[in-house]
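Subject: The structure, and what turned up in it

Hi,

Here is the structure I promised to pass on. Have it open while you read, and my notes follow underneath.

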Amino acid sequence: MRRPQLDIQLKTPDQIDKMRAAGLVVAEALRRMREAVAPGVSTADLDAIAEATIREAGAVPSFKGYHGFPASICSSVNEQVVHAIPSAQQVLRDGDLISIDCGAVLDGWHGDAAITVGVGEVDPALLKMAAVAEDAMWAGIAAAARGAASGKGRLTDISHAVETAVRKGGRYGIVDGYGGHGIGTEMHQDPHVLNHGRPGKGPRLVPGMALAIEPMITMGSPRTVELSDGWTVVTRDRSMAVHVEHSMALLEDGVWVLTAFDGGRARLGDLVTARQPADSPTA
């Protein structure tokens, strides 16, 4: 079943269960990579961990081969915002920030999530920026859950909640031109989810909608440029950047954060669907 105009794919509860299985594969890959991040580790090392984890689960890395992308993760370090290609020559150093974006497809359904991790001893101001981005992501997810529950929510309520949380957190640039998206039988689907904007616009937030919410913010200008490799996006002023993401689905009785082990329970409480057990792990 698809909504007209934007071609938004609405999922059944059984299909969302399949997306949850894919989301847990991504969650485990990101958990293992987070533990492996350290000075001296290359982004190619992290990519190998991701691919092994995904394939062990019987899934396939959804990034690898996507429009020719050569790896299983995007590994964006410092001023790199998104889509950086892992490399044996990109070796992490003390004080770096790395944003790791990972996707997997299992039984035809996609999961997609991203984390930002500090390497060794990191400037507290950078760690605060990463925390602000994470808080903004959860604010967006909460806005989606409340909007669907009320029957009055619109897509840009998410965008507005993300922007409001970022502005409350400090003076950061909100990257334009990149944002969240629908997800399901393809990694990128309608609708595009901006990380800024006025509320109350766009399609209604309804059960069956699955979205990836992914704030990207910078310490300086929000303007970006794509490098000559055709993938890596960096801040134009070379200021530091962070990127976080979760895939989530709206159900009749709440939201399910498909790429969080606890389904979002720790951050969202009773907004989370009863399909996610209350005593589920948070690691």
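One cut-off first, since some of what follows leans on it: a residue is called buried under 20% relative accessible area, exposed over 50%, and partly exposed in between. His-83 comes out at 26%, so it counts as partly exposed. Please also keep in mind that this is a predicted model.

His-83 is a good place to start for another reason. Its phi is near 70°, a positive value in a residue other than glycine. Most residues other than glycine have a negative phi, and most peptide bonds are trans. You'll find His-83 in the loop between β5 (80-82) and β6 (97-106). Arg-238 is another case, with phi near 60°. Arg-238 sits in the loop between β14 and β15 (241-243), and its relative accessible area is 46%, so Arg-238 is partly exposed as well.

On to the pockets. The second largest pocket holds about 350 Å³ of space. It is lined by 21 residues, and the closest to its centre are Tyr-66, His-83, Asp-101, His-188 and Glu-214. So His-83 comes back here, partly exposed at 26%. By type, the lining of this second largest pocket splits into 9 nonpolar, 8 polar and 4 charged residues.

Now the annotations. UniProt, in an unreviewed entry, lists residues 17-248 as "domain: Peptidase M24". Across residues 17-248 the chain is 33% helix and 25% strand, and the C-alpha atoms at the two ends are 12 Å apart. UniProt also places a "binding site" feature, again from an unreviewed entry, at Asp-112, His-181, Glu-214 and Glu-245. Those residues are spread over 134 residues of sequence, yet they cluster in space, with a largest C-alpha distance of 10.6 Å. And where do Asp-112, His-181, Glu-214 and Glu-245 sit relative to the second largest pocket? They are part of its lining.

Asp-112 is worth a look of its own. It lies in strand β7 (residues 109-118) and counts as buried because its relative accessibility is 2%. Leaving aside neighbours within four places in sequence, Asp-112 is in contact with a long list of residues, including Asp-101, Cys-102, Gly-103, His-246 and Thr-259. Two of the annotated residues, His-181 and Glu-245, are also among the contacts of Asp-112.

Then there is the enclosed space. The count comes to 1 cavity of 30 Å³ or more, and the largest cavity has a volume of about 30 Å³. Its lining includes Ile-8, Gln-9, Lys-11, Asp-190, Pro-191 and Leu-211. Strands β2 (8-9), β10 (189-193) and β11 (210-213) each supply at least two residues of that lining, and β10 gives the most, with 3 residues. The lining of the largest cavity divides into 6 nonpolar, 3 polar and 2 charged residues.

Stay with β10 for a moment. Pro-191 is found in this strand, and a cis peptide bond joins Asp-190 and Pro-191, with omega about 0°. Both Asp-190 and Pro-191 are in the lining of the largest cavity.

How many aromatic pairs does a search of the whole structure find? The search turns up 1. The pair is edge-to-face because the planes of the Phe-69 and Trp-231 rings stand at 80°, with the ring centres 5.0 Å apart. This pair links distant parts of the chain, 162 residues apart: Phe-69 is in the loop between β3 (60-61) and β4 (73-77), and Trp-231 is in the loop between β13 (224-226) and β14 (233-235). Phe-69 and Trp-231 are both buried.

Last, a residue towards the start of the numbering. Gln-15 lies in helix α1 (residues 13-36), and at 28% relative accessibility Gln-15 counts as partly exposed. Beyond residues up to four places away in sequence, Gln-15 touches Leu-10 and Trp-109. Gln-15 and Gly-108 are 93 residues apart in sequence, while their C-alpha atoms are 9.9 Å apart in space.

That's the tour. Shout if anything is unclear.

Cheers

Note on methods:
Residues are numbered from 1 along each chain as its sequence is written. This is a predicted model: local features need pLDDT of at least 70, side-chain atom pairs count only at pLDDT 80 or more; totals for chains, interfaces and linings use all residues. Side-chain values use heavy atoms; hydrogens and water are left out. On a 1 Å grid over the protein atoms alone, a cavity is a set of points where a 1.4 Å probe fits but cannot get out, and a pocket is an open set with protein on both sides within 12 Å along at least five of seven lines; lining residues have an atom within 4 Å of a point. Grid points are joined across faces, edges and corners, and a volume is the space filled by probe spheres set on the points. Ala, Val, Leu, Ile, Met, Phe, Trp, Tyr, Cys and Pro count as nonpolar, Asp, Glu, Lys and Arg as charged, and the others, Gly among them, as polar. UniProt positions are given in the numbering used here, feature names are shortened, and annotations may be inferred rather than shown by experiment. Helices (H or I, at least four residues) and strands (E, at least two) are DSSP runs, numbered from the N terminus. Buried means under 20% relative accessible area, exposed over 50%, partly exposed in between (1.4 Å probe, protein chains only). Contact means heavy atoms within 4.5 Å. Rings of Phe, Tyr and Trp (its six-membered ring) pair if their centres lie within 6.5 Å; planes under 30 degrees apart count as stacked, over 60 as edge-to-face and the rest as tilted.
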